[in-house]
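Dear colleague,

Please find below the sequence and structure for your files. My notes on them follow.

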Amino acid sequence: MIERDWSRVPVVGVVRLANYIRRKLEGDAKLAMLGVEGEISNLRVQSSGSWNFDVKDRDAVLTCFAYPSDAATFPAAKNGDAVVVYGKVSIFEKSSKYQLVVRHAALAGVGALHARYEELRKSLEAEGLFREDRKRRIPPYPFRVALVGSPTGDGTRDFRTQAKTRAPHVDVRLFETPVQGDVAPQIVAALQRAYASAPDLVVLARGGGSFEDLFVFNDARVVRAVANAPVPVVTAIGHESNTSLADFAAS
């Protein structure tokens with residue numbers, strides 16, 4: 001075996017090597033600005049306002065750092081939230097760890113929907129769509145009920161079953177619409193058809209589901225159609241723990 005002459009190998013200080021690696025990383029155009037999606041973990045907000053945290057997926061962990069001026073613009077986040085973080089890859093010389101210096105962060109997945117929900121809630125509330133004085137009084141004995149929902153949905157089936165058992169004398173007429181996905185225009189159209197039938201009461205029904213499944217009932221078009229109804233509207237959307245913006249606008 002040939003003996004290597006180690007005396008010919010360059011020797012540098014630790015900080016010099018760290019600085020060299022940092023320049024290499026920061027000089028790579030592909031690493032100068034990119035977005036990384038993952039789950040926040042090990043979040044630590046310093047007294048200075050800077051953030052130290054990790055973004056991880058199933059197979060890897062990325063160390064992240066944000067200066068106070070940038071972190072101040074981030075959405076409220078906690079460990080476990082799905083996020084997309086944007087920044088440049090660099091190195092923290094003191095620990096020789098590469099990291100993402102984050103300039104911008106946005107919630108992803110359900111977190112993004114929750115943020116959108118809050119933004120819509122505040123906007124529609126400011127319009128006055130949830131005011132009690134604009135809501136129509138529910139009649140004590142409605143005899144003509146317009147039911148808006150999916151013909152095969154659990155919410156529609158359950159309402160019909162309960163109405164038939166408890167109030168068989170009430171005329172329930174179904175106005176069909178899909179109730180999941182990007183279907184706000186169809187729901188609004190079904191509501192308008194229901195209003196035109198001159199019922200005593202309109203019921204907007206949808207069975208249980210995830211926050212994403214029920215999100216169409218937070219669409220501003222649906223909320224306005226409920227708030228501006230010429231007749232009382234009752235919402236029966238999801239389970240008792242679910243609250244949509246359409247619920248706030250209903251009678």
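Which strands does helix 5 lie across? Helix 5 (residues 154-166) crosses strand 6, strand 7 and strand 8 (201-206), and runs at about 160° to strand 6. Helices (H or I, at least four residues) and strands (E, at least two) are DSSP runs numbered from the N terminus; angles run from 0 to 180 degrees between N-to-C directions, with axes as lines fitted to C-alpha atoms, for helices over the stretch in contact (heavy atoms within 4.5 Å).

This is a predicted model: local features need pLDDT of at least 70, side-chain atom pairs count only at pLDDT 80 or more, and totals for chains, interfaces and linings use all residues. Residues are numbered from 1 along each chain as its sequence is written, and side-chain values use heavy atoms, leaving out hydrogens and water.

Strands 6 and 7 belong to an open sheet of four strands, ordered 7-6-8-9 with parallel pairing; two strands pair if DSSP finds at least two bridges between them. Strand 7 (171-176) and strand 9 (233-237) are at the edges with a single partner strand each, so one side of each lacks a neighbour in the sheet. The twist from one strand to the next averages 20°. Six bridges link strand 6 (residues 144-149) to strand 7 in the parallel sense, and Gly149 is opposite Glu176 in strand 7.

Five other strands need a separate note. A closed barrel runs 1-2-3-5-4 with mixed pairing. Its neighbouring strands are turned by 55° against each other on average, direction ignored. Helix 1 packs on this sheet, touching strand 4 (82-92) and strand 5, and its direction makes about 135° with that of strand 4.

Yours sincerely
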